[in-house]
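Subject: Handing over a structure

Hello,

Here is the structure I promised to pass on to you. Please have a look at it first, and then read on for what was found in it.

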Amino acid sequence: MASWNALSPSIVEYFEGEDFYRCGYCKNESGSRSNGMWAHSLTVQDYQDLIDRGWRRSGKYVYKPVMNQTCCPQYTIRCRPLQFQPSKSHKKVLKKMLKFLAKGEISKGNCGDEPMDSTVEDAVAGDFALINKLDIKCDLKTLSDDLKESLENEEMKKEKNSKKEESNESIHSQAIEEKLGSGEPSHSIKVHTVPKPGKGADLSKPPCRKAKEIRKERKRLKLMQQNPAGEHEGFQAQGQPPSLFPPKAKSNQPKSLEDLIFESLPENASHKLEVRVVRSSPPSSQFKATFQESYQVYKRYQMVIHKDPPDKPTVSQFTRFLCSSPLEAEYPPNGPECGYGSFHQQYWLDGKIIAVGVIDILPYCVSSVYLYYDPDYSFLSLGVYSALREIAFTRQLQEKTSQLCYYYMGFYIHSCPKMKYKGQYRPSDLLCPETYVWIPIEQCLPSLENSKYCRFNQDPEAVDEGRSKEPDRLQVFHKKAIMPYGVYKKSQKDPSEEAAVLQYASLVGQACAERMLLFRS
């Protein structure tokens, strides 16, 4: 576990050039084009900055589509949860879940009017092929020892300058050793996603109440005094102040997302749903205890939904793809109680797992990685339901950590009909692939109707403000030593090496290039 004040640097291994793979969207055998790197470790801030430049992770492999050349351009999309209002189709899914929990009702007919049930990134199929080819076999213990030795050497050099620097470097080295060498699991975590009473519900309400509403409230309170058992229509006391439970039939105010999700169920409800957030990397005790059950859900999902043969969804594939993560577990004092890093959001129905949302909690967002679910519960539209729960979860985290206010949904592919559903979670923004600024999706759609690839920023003079401006300041880890690229390149004679490093710098941007260590063998 990394402390906030002693974070060791991210370590990445960049694969120069651009590779072509089978596209998981249009099925073009060699149309998908991307740049990639293996992340041995990443701080959450570095990954936040990377996804804000169009990168995305699949396990420890981090990739960035070559937007103007790939067959199906993939635009990073984020929703703004604080302003989010569920659509009619979203409300339909939430009501369907409540009816099932309360009475066991299963809606008739198919879910053809609903968006794609799963938030699965089909393009990851191509990444599987790449990851299998790479078969990374880096000895992290050796890398740890090399890095520790390098930092100790730096520490000795700086000893003459300042005792403060010496202390910082010692902590720095210790954190790296812990990160790459120990493999110790973090303490266990359990997060309940039920918001505190009175929190969150005000997001959709007007700032003031009309006199008519106040009169209704007084009348309702009078009725309650006459009927203290709380049997008035539309009201269940549950020991809460009356004002927290306005009458359903008589309220003119639209229900918030939390109202719809956490609506009270009868005492004799047919089913019980519980959502648990468990840290997946490093694995918490809850994660370890439920690993096999979670894997079996994933295996059935892959076999039934994606038609995989029984021997394809292996434990190794599951672990590498959905459990392994390069993200550091970080616990800053002003961060969320569960900390930052990688988690599994498990949906427990009557004591068994029926779905798992793989998420990353980062400084400014909750990032959705993947969803898998028990195919027997497809009728509950769990892809949509889980997305709405993750939006509500983001809103809950934002109450304590104000800057954590976005929900990243991965990639939006306008040219792929079944992936356009992500645009239904409004308000949302798409990332401009040239200037890396966020543009409201409504402004992007007309351009996407005319062309697969678009620069969304309409200012022709605008440039990438975070671009690599001083590549010599890029940090390289080479032969047990950390050095700026300006020093490293003096010992390199291969011209292709310079091209690879400069390409890496242009893709990750100046800030990440200076913070992350680029591993060169």
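Before we come to how two helices pack, one definition will help: an axis here is a line fitted to C-alpha atoms, for helices over the stretch in contact, and the angle between two axes runs from 0 to 180 degrees between their N-to-C directions. Please also keep in mind that this is a predicted model.

With that in hand, take helix H1 (residues 44–51) and helix H14. Their axes lie 10 Å apart, and the two helices pack at an angle of about 160°. Angles over 145 degrees count as roughly antiparallel, so H1 is roughly antiparallel to H14. The crossing of this pair is left-handed.

H14 itself deserves a second look. Helix H14 covers residues 495–515, which is 21 residues, yet its end C-alpha atoms are only 24 Å apart, short of the 30 Å that a straight helix would reach at 1.5 Å a residue. Where does H14 bend? The bend is at glycine 509, and it amounts to about 115°. Gly509 is also among the buried residues of H14, which include Val508 and Gln510 as well.

Now to the sheet. It is an open one of 7 strands with mixed pairing, and the order is S3-S4-S2-S1-S16-S14-S15. At the edges are strand S3 (56–58) and strand S15 (481–484), each of which pairs on one side only. On average, neighbouring strands of this sheet are turned by 40° against each other, direction ignored.

Strand S2 (residues 32–41) is a good place to start exploring the sheet. Is S2 enclosed or open to the outside? Here 10 of the 10 residues are buried, so S2 is largely enclosed by the rest of the structure. S2 pairs with strand S1 (residues 11–21) in the antiparallel sense over 8 bridges, and isoleucine 11 stands opposite serine 41 in S2. S2 is also joined to strand S4 (residues 61–65) by 5 bridges, again antiparallel; there, tryptophan 38 has tyrosine 61 in S4 as its bridge partner. S4 in turn runs antiparallel to S3, with 3 bridges between them, and arginine 57 is partnered by valine 62 in S4.

One last residue to find is glutamine 443, in helix H12 (residues 441–450). Glutamine 443 counts as exposed because its relative accessibility is 53%, and the cut-off is over 50%. The C-alpha atoms of glutamine 443 and glutamine 458 are separated by 9.8 Å, with the two residues 15 apart along the chain.

Enjoy exploring!

Best wishes

Definitions and conventions: Residues are numbered from 1 along each chain as its sequence is written. This is a predicted model: local features need pLDDT of at least 70, side-chain atom pairs count only at pLDDT 80 or more; totals for chains, interfaces and linings use all residues. Side-chain values use heavy atoms; hydrogens and water are left out. Buried means under 20% relative accessible area, exposed over 50%, partly exposed in between (1.4 Å probe, protein chains only). Helices (H or I, at least four residues) and strands (E, at least two) are DSSP runs, numbered from the N terminus. Two strands pair if DSSP finds at least two bridges between them. The expected span of a helix is 1.5 Å times one less than its number of residues. The bend at a residue is the angle between axes fitted to the seven residues ending there and the seven starting there. Angles under 35 degrees count as roughly parallel, over 145 as roughly antiparallel, 65 to 115 as roughly perpendicular and the rest as oblique. A crossing is left-handed if the near helix is turned anticlockwise from the far one by less than a right angle, and right-handed if clockwise.
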